[in-house]
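Here is a short briefing to read alongside the sequence and the 3D view. Take a moment with both before going on.

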Amino acid sequence: MDLSIVIPTYNEKDNIKNIVQKVLSEFKKNKIKGELIIVDDNSPDGTGKILDNLKKSEKRLIVIKRKAKLGLSSAVLDGWKVARGNVLGVMDADLSHPPEKIIELYNPLKKGDANIAIGSRYIPGGKIIGWGIKRKMMSRVATLLSRVFTEVRDPMSGFFLVKKECIKNAGLNPRGFKILLEVLIKCKSLKIKEVPITFTNRIRGKSKAGIGEVLSLLKNLAGYLKYKKTVINEFVKFGIVGTTGAIINLSILYLLTEKLGLYYILSAIISFLVAMSSNFFLNKIWTFKEKIKIQIKKKYLKFGVVSTFSLLVNLTFLYIFTEVFGIYYLISQAIAIAIAWLLNFIGNKIWTFQNN
Ligand SMILES: Nc1nc2c(ncn2[C@@H]2O[C@H](COP(=O)(O)OP(=O)(O)O)[C@@H](O)[C@H]2O)c(=O)[nH]1
Ligand SMILES: [Mg+2]
């Protein structure tokens, strides 16, 4: 057996037959020795019965029935446990992930060019059809947050193939909705290939992603800090650099205004620019360990954009906390600085100093 694809299902009666037939016909068409493993959580809509019928005629279909809705990641892991292929995969039952892309994901693994291939919505050529603005925003924010831990463009994708040897002994956490991120963080020596896909929102059935899934993602993200000590390291260094920046800013402001007699607003602009530049260089070479020369102009500009944005965020929160919530302005500012500082770090880590 070469390839085992797992599809977790919960209430997918209107999609299940279609997706099973499409995946199996992709195996046939591309001469892949594959099996399809459906893990159903006792769907009350009768998905299980349809599966029983399909199984009679499809010998490459394996059905695992679990007692209750036990979660998406755990369903995938249970499917992988019985998988016989040396390449394991996942996709949704709702036809959001195009089955005709399976071969494009499979080829780089077969050739040895990669050991994990991801169907990606956020690289050139990839797109999303049928999501409203709210869902798009939520996906973007979650993706940005998780990119603190990985350089993959679409670490929230639910469509990927990975060599079995990569996930062995990785200790993957069964709690959660995003098994790919789990794999990207815990598996070592991954050679990653992202393949653009068009994600089409489900036409039939309801999405199971809700507030519970968002909360579990945030919890998992916090836990990932443990695995990515470099992120904590960078965060601390970023904080130290910021503190030196503040000292430089105040000193120059003082010198220019008091000793050279410059108008204090002009001094403030100059001292801001000097401090920002010093922050930029220190973060480039010390915090994020880059060669000084790499894309210096472009990155300087990006750093400037993030710094300015974070200053605006700071002022906005200062205003809201003080004027709307009536908090004492110094306390408002302390909270606002913390928020702006976190965004400043994330923005620079995943945008300015991301090198792919
Ligand atoms: N077995 C199982 N499958 C689930 C569970 N939650 C979601 N799924 C399935 O996982 C896939 C992704 O869920 P979906 O609702 O499409 O999420 P979305 O694409 O993020 O909106 C679908 O095939 C669902 O049927 C679960 O708790 N157990
Ligand atoms: Mg879906």
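Is the crossing of helix 11 and helix 12 left-handed or right-handed? The crossing is right-handed (the near helix is turned clockwise from the far one by less than a right angle; anticlockwise would be left-handed). This is a predicted model, where local features need pLDDT of at least 70, side-chain atom pairs count only at pLDDT 80 or more, and totals for chains, interfaces and linings use all residues. Residues are numbered from 1 along each chain as its sequence is written, while chains are lettered from A and ligands numbered from 1 in the order in which they are written.

**Helix pair**
- Helix 11 (residues 296-324) and helix 12 (residues 329-352) pack at about 155 degrees, with axes 8 Å apart (axes are lines fitted to C-alpha atoms over the stretch in contact, and angles run from 0 to 180 degrees between N-to-C directions).
- That angle makes helix 11 roughly antiparallel to helix 12 (over 145 degrees).
- Helices here are DSSP runs of H or I with at least four residues, and strands are runs of E with at least two, numbered from the N terminus.

**Sheet**
- Seven strands form an open, mixed sheet in the order 3-2-1-4-7-5-8 (strands pair if DSSP finds at least two bridges between them).
- Strand 3 (61-65) and strand 8 (192-196) stand at the edges with a single partner strand each, so one side of each lacks a neighbour in the sheet.
- Strand 5 (residues 116-120) runs parallel to strand 8, joined by five bridges; Ala 117 has Lys 193 as its bridge partner in strand 8.

**Ligand 1**
- The ligand is surrounded by 20 residues, the closest being Pro 8, Ala 75, Ala 93, Ser 207 and Lys 208 (C-beta atom, placed from the backbone, within 6 Å).
- Strand 1 (3-9), strand 2 (34-40) and helix 3 (72-82) each supply at least two residues of this shell.

Definitions and conventions: Angles under 35 degrees count as roughly parallel, over 145 as roughly antiparallel, 65 to 115 as roughly perpendicular and the rest as oblique.
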